[in-house]
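This briefing sets out selected side-chain interactions and surface features of one protein structure. The topics are salt bridges, a nonpolar patch, aromatic pairs and two residue environments.

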Amino acid sequence: KKKVFFFATLFESRVLHMTLSGEMGVLTDFGDKPTFLISIGGFHPQFTPPPMPFAVPKRVTLDILNEQNAKIRVMGYFAVTSNTVHLGARADLNINIVVADITGHLAFDALIQFSPFYFIVNISASLTVSCFLGEISARVRLSLEGPNWRAKGRGEITILWFEIAADFDISWGETRNTILSKIAA
């Protein structure tokens, strides 16, 4: 079938007292549609992977704290295909104490495509404190893409029943042809 592939799953893995899970896959296809990919923990959320003889690998996840009232989890991925590089991570926080609940996250996703050249970096963060009086929260979401530059995002702050939000979407630069020329064999 002109394919070589490998798929692995972490099984009952730990780093000190923390649980580690996740999957990885490698595919080399020498057939009519040549493909190469290696993925540790999946792909960028906006990427559609080529057909693979295995499922998209699950994120590599480290449960730093996993108690009934407190959870801290970090997830990540790294992937390389014939035309792209992917990198991302996310940390989640959830603490429940008698007087309040605290939740939050910090996330980063980057995708670089070689031909035509393109990249996108997404960053998001949030923190929410909820108590019997109400909720206080802050959220931010940012995206930068190029080479035809575009930055967009949103920031929000909520204090009890009041919300302040701001959006931006800025583009600059000139349109360029970024398709790589083929190399003569």
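Arg-154 and Asp-167 form a salt bridge in which the closest N and O atoms are 2.8 Å apart. Arg-154 belongs to strand β12 and Asp-167 to strand β13 (residues 162–171), so this pair ties together parts that are 13 residues apart in sequence. The model is a predicted one, and every value below is computed from it.

**Salt bridges and their network**

- The count of salt bridges comes to seven.
- Asp-167, the acidic partner of Arg-154, is exposed because its relative accessible area of 55% lies over the 50% limit.
- Arg-154 also forms a salt bridge with Glu-156, and here the closest N and O atoms are 2.7 Å apart.
- Glu-156 in turn meets Arg-139 through their side chains, in a salt bridge with an N to O distance of 3.5 Å.
- That pair links distant parts of the chain, with Glu-156 in strand β12 (residues 150–159) and Arg-139 in strand β11 (residues 134–146), 17 residues apart.
- The two partners fall into separate accessibility classes: Glu-156 is buried, at a relative accessible area of 16%, whereas Arg-139 is partly exposed, at 33%.
- Through shared partners, salt bridges join Arg-139, Arg-154, Glu-156, Glu-163 and Asp-167 into one network.

**Nonpolar surface patch**

- A nonpolar patch of about 960 Å² lies on the surface; among the residues that make it are Ile-40, Phe-78, Leu-87, Phe-108 and Ile-123.
- The patch also includes Val-140, Leu-142, Leu-144, Trp-149, Phe-168, Ile-170 and Trp-172.
- Strands β11 and β13 each supply at least two residues of this patch.
- The greatest contribution comes from β11, which gives three residues.
- Leu-142 is a patch residue found in strand β11.
- Leu-142 counts as partly exposed, with 36% relative accessibility; this value is over 30%, so Leu-142 meets the accessibility requirement for patch residues.

**Aromatic pairs**

- Six aromatic pairs are found in a search of the whole structure.
- In one pair, the ring centres of Phe-5 and Phe-54 are 6.2 Å apart and the planes stand at 45°, so the pair is tilted.
- Phe-5 lies in strand β1 (residues 3–9) and Phe-54 in the loop between β5 (35–40) and β6 (60–66), so the pair ties together parts that are 49 residues apart in sequence.
- Phe-5 is partly exposed, with a relative accessible area of 46%, while Phe-54 is buried, at 11% relative accessibility.
- Another pair consists of Phe-117 and Phe-119, whose ring centres are 6.1 Å apart with planes at 50°, so this pair is tilted as well.
- Phe-117 counts as partly exposed, at a relative accessible area of 34%, and Phe-119 as buried, at 13% relative accessibility.
- Ring pairs also link Phe-117, Phe-119, Trp-149 and Trp-172 into a cluster.
- Trp-149 and Trp-172, both in that cluster, are also members of the nonpolar patch.

**Environment of Asn-122**

- Asn-122 is located in strand β10 (residues 118–131).
- The side chain of Asn-122 makes a polar contact of 3.1 Å with the side chain of Gln-46.
- With residues up to four places away in sequence left out, Asn-122 touches His-44, Gln-46, Ala-107, Phe-108, Asp-109, Leu-142 and Ser-143.
- Of these contacts, Phe-108 and Leu-142 are residues of the nonpolar patch.

**Environment of Asp-101**

- Asp-101 is located in strand β9 (residues 100–113).
- At 35% relative accessibility, Asp-101 is partly exposed, because this value falls between the 20% and 50% limits.
- Not counting residues up to four places away in sequence, Asp-101 touches Ile-95, Asn-96, Thr-128, Val-129 and Ser-130.
- Asp-101 and Ser-171 are 70 residues apart in sequence, and their C-alpha atoms are 39 Å apart in space.

Conventions
Residues numbered from 1 in each chain as written. Predicted model: local features only at pLDDT ≥ 70, side-chain atom pairs only at ≥ 80, totals over all residues. Heavy atoms only, no water. Salt bridge = Lys/Arg side-chain N within 4 Å of Asp/Glu carboxyl O. Helix = DSSP H or I, 4+ residues; strand = E, 2+ residues; numbered from the N terminus. Buried < 20%, exposed > 50% of the residue type's maximum accessible area, 1.4 Å probe, protein only. Patch = residues over 30% accessible without salt bridge, like charges linked within 9 Å, V, L, I, M, F, W, Y side chains within 5 Å. Areas by Shrake-Rupley, 256 points an atom, 1.4 Å probe, with all protein chains shown as cover. Phe/Tyr/Trp six-rings, centres within 6.5 Å; stacked < 30°, edge-to-face > 60°. Polar contact = N/O pair within 3.5 Å; in protein donor to acceptor, adjacent residues only side chain to side chain. Contact = heavy atoms within 4.5 Å.
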